[in-house]
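This report covers one residue and its partner, the aromatic pairs, and the contact between two chains.

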Amino acid sequence: MLDIRNLTAEIDGKQILRGIDLEIRPGEVHAIMGPNGSGKSTLSYVLAGREGYEVTGGSAEFDGKDLLAMEPEERAALGLFLAFQYPVELPGVGNANFLRTALNAQRRVRGELELDAMQFLKLARARMKDLSMPEDMLKRGVNVGFSGGEKKRNEVLQMALLQPKLAILDETDSGLDIDALRIVADGVNALRGPGFSALVITHYQRLLNYIVPDRVHVLVKGRIVRSGGPELAEELEASGYAGDLAA
Amino acid sequence: MNEMSPTALTGAPLGADSFLHRYEGLRQRLPGARLPWVAALRERAAESFRAKGFPTRRDEAWKYTDLAPLLALGFAEPLSSVDDDAALPPSQGGAARAVFVDGRFRADLSALDDLPYRVGSVAEALPRLDGALGRLAQPSEQPLAALNAMLFEDGLVVRVPPGVAGGVLELVSMASGGERPTALHPRHLIRIEDGASLTLIETTTGPEGARYLQAPVFEIEVAEGGRLNHARLQTESRAAFNLSTVYAAVAGGGTYDSFVLNAGGRLVRNEIHTALQGPKAACHLNGAQLLADGQHADTTTVIDHAAPDCPSRQTYKTVLAGRSRGVFQGKIHVHQIAQRTDGYQMNQALLLSPEAEVDSKPQLEIYADDVKCSHGATVGALDADQLFYLRARGIPAEAARRMLVRAFLQEAVEAVEDPAIQAALDRTLQAWWQAEDREAA
């Protein structure tokens with residue numbers, strides 16, 4: 001599904017990723033934990049194709065294709081989804097219009113029929129109900145005036161509608177209370193299956209109580225310094241990153 | 001005739017001379033030629049125009065807009081070729097419609113029956129318009145008002161009686177185009193009496209590629225407690241010129257609410273003079289401009305706060321692509337008597353190209369001491385974070401850009417209160433995007 005080899009990247013000439021190796025197989029959920037500034041968000045942006053991040057070495061393949069050679073929208077249409085740490089507000093763009101445009105753009109690339117407004121609304125309403133989102137969030141501007149929790153739920157709604165093969169959740173738990181956290185986790189868990197993989201990036205172990213990962217990696221100073229099973233997250237919660245930072 | 005300077009190459013007069021020449025030739029045949037007050041008005045206007053000609057960039061009010069491309073043309077008489085309604089722009093949903101083709105009222109294309117107010121053609125109503133026509137537009141003060149007074153052929157005259165809700169009236173100003181450039185000078189008179197209201201939606205347009213000038217003058221009076229919602233949808237040919245001048249006088253408690261959409265034209269100027277003359281008179285002057293390569297659009301507003309407790313609100317948004325240029329000049333004049341004036345002015349531009357240019361000049365002249373006036377201007381490019389967010393969801397770069405441009409304008413459209421105008425704007429913008437999409441394809 002995702003195969004990253006010796007990936008290095010920099011921003012403004014400053015090296016952030018110093019050789020990442022990571023393989024996620026279909027159906028697996030991996031977690032990346034690490035202290036602030038370790039390169040967690042950079043990794044997610046590099047994989048999603050954000051401008052300003054220069055890949056200086058290594059490779060990243062998605063479904064056997066060279067991910068790094070593609071435009072962001074091509075990566076999305078192929079089934080890569082990034083849930084943003086800070087979802088962007090789009091004043092003047094209606095949420096429903098945005099979601100349908102995104103869904104149909106991806107369907108078009110995949111040669112699937114586009115959904116008309118009625119079909120889309122039916123689908124969106126059902127997904128929103130799953131996420132306990134009020135229906136008027138479809139009418140509002142994208143993320144405009146949304147609380148932190150509503151923004152994160154809106155990310156999960158997008159994921160639920162777009163049905164990606166691989167979701168990268170970049171600190172989706174930050175700023176969520178326990179109820180919102182549970183709703184978000186349920187949204188991810190509902191997608192779990194042989195056709196869905198996830199990379200959960202988080203600072204805290206809390207989210208991983210609800211989305212139990214198959215593998216946990218510790219990212220420090222742009223390198224994965226340790227990998228293990230779900231128990232590694234609990235260990236880090238107890239002992240912190242001090243030992244890894246010293247290493 | 002002889003004192004006019006001939007032009008060397010074609011033999012036909014150009015620029016200001018071409019219009020003066022036309023006036024000399026037509027003056028016996030122009031509407032109202034036998035009415036002494038009309039003949040005198042035209043004569044005064046011609047004298048003023050002869051002395052001053054078109055404004056140049058040396059005039060402070062025309063610093064950013066150069067009429068040279070217009071002055072390089074010679075104008076011919078329009079040969080009206082619209083015989084059916086096939087070429088008319090789509091209806092904006094109003095039951096009533098007044099159509100002008102090449103500046104002339106066309107009763108056969110209009111629908112003005114059974115209305116609760118009086119509406120008709122200026123040319124026909126002229127004998128009754130002494131004292132009304134020319135009351136607000138003074139030829140001596142503005143060269144374009146002089147040009148229009150000299151040459152007006154026709155226009156819309158509306159009077160909504162006291163207390164009457166007039167509903168939606170559409171005004172279509174259409175040029176039929178032709179081999180040689182034509183010039184049209186409509187004069188529109190609108191009077192909203194005490195407590196009356198009207199929504200006027202104007203579409204001004206012509207066949208794509210046609211070279212012509214539409215240079216209308218509006219004289220608008222809103223009496224006490226009256227309201228005019230005035231939308232102007234400018235979708236001229238991209239080879240055309242539109243130089244519009246609006247004079248609006250608002251009495252106490254009345255409202256003039258204007259929205260101008262500039263989507264067409266090669267060189268466009270909308271000049272709006274609003275006088276708030278009684279306590280709590282209000283004006284909202286909003287607009288959006290979509291400028292593609294080669295287009296120049298100038299919005300110039302003057303708001304005269306001449307009474308206390310008057311609010312004025314202005315929001316203009318301009319999107320500029322290619323080598324286009326947008327100008328906004330907004331002057332707010334607060335007289336000494338106009339205490340508790342609340343003036344707000346915002347002008348925002350979105351630059352899609354490094355070659356586009358925008359000029360913004362707010363001007364506040366305040367002679368009262370208890371006044372709230374603010375103005376702001378922003379110029380920016382598309383937001384990289386927003387663009388990436390859309391692309392990360394699978395929306396191709398070009399479509400993502402369009403969504404953001406639309407969103408930028410949407411804020412201005414959403415500020416429009418009148419649902420009929422909002423719907424008309426939506427339709428016009430939709431058509432503009434579809435045409436852009438076809439061009440891009």
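Glu170(B) is part of strand E5 (residues 165-174) of chain B; strands (E, at least two residues) and helices (H or I, at least four) are DSSP runs, numbered from the N terminus. Glu170(B) is buried, at a relative accessible area of 2%, where buried means under 20% relative accessible area, exposed over 50% and partly exposed in between (1.4 Å probe, protein chains only). Its side chain makes a polar contact with the side chain of Arg97(B) at 3.2 Å. A polar contact is a pair of N or O atoms within 3.5 Å; within protein, one must be able to donate a hydrogen and the other to accept it, and residues adjacent in sequence count only if both atoms are side-chain atoms.

The model is predicted: local features need pLDDT of at least 70 and side-chain atom pairs count only at pLDDT 80 or more, while totals for chains, interfaces and linings use all residues. Residues are numbered from 1 along each chain as its sequence is written, chains are lettered from A and ligands numbered from 1 in the order in which they are written, and side-chain values use heavy atoms, with hydrogens and water left out.

**Aromatic pairs**

Over all chains there are 10 aromatic pairs. Rings of Phe, Tyr and Trp (its six-membered ring) pair if their centres lie within 6.5 Å; planes under 30 degrees apart count as stacked, over 60 as edge-to-face and the rest as tilted. Two of the pairs are tabulated here.

| Pair | Centre to centre | Angle between planes | Class |
|---|---|---|---|
| Phe49(B) and Phe54(B) | 5.2 Å | 85° | edge-to-face |
| Tyr316(B) and Phe328(B) | 5.2 Å | 40° | tilted |

The tilted pair links distant parts of the chain, with Tyr316(B) in strand E17 (residues 311-320) of chain B and Phe328(B) in strand E18 (residues 325-334) of chain B, 12 residues apart. Both Tyr316(B) and Phe328(B) are buried. In the edge-to-face pair, Phe49(B) is buried at a relative accessible area of 1%, and Phe54(B) is buried at 6%.

Ring pairs also join Tyr45(A), Tyr53(A), Phe84(A), Phe98(A), Phe388(B) and Tyr389(B) into a cluster.

**The contact between chain B and chain A**

Chain B brings 16 residues to the contact and chain A brings 31 residues, contact meaning heavy atoms within 4.5 Å. About 1,900 Å² is buried between the two chains, with 66% from carbon and sulfur atoms; buried area is the accessible area (1.4 Å probe) that two parts lose on being put together, summed over both. Phe388(B), Tyr389(B) and Arg393(B) supply 41% of the area that chain B buries against chain A, more than any other three residues.

Between the chains there are five salt bridges, each a side-chain nitrogen of Lys or Arg within 4 Å of a carboxyl oxygen of Asp or Glu. One of them pairs Glu51(A) with Arg391(B), with the closest N and O atoms 3.9 Å apart. Across the interface, 12 residue pairs are in polar contact (both at pLDDT 80 or more).

On the side of chain B that touches chain A, helix H6 (384-392) and helix H7 (397-414) of chain B each supply at least two residues. The largest share, seven residues, comes from H6(B).

Seven of the nine residues of H6(B) are buried, so this helix is largely enclosed by the rest of the structure. Among the buried residues are Phe388(B), Tyr389(B) and Arg391(B). Asp383(B) caps the N-terminal end of H6(B), a side-chain oxygen lying 2.8 Å from the backbone nitrogen of Asp385(B). Gly394(B), whose phi is positive, near 100°, follows H6(B).
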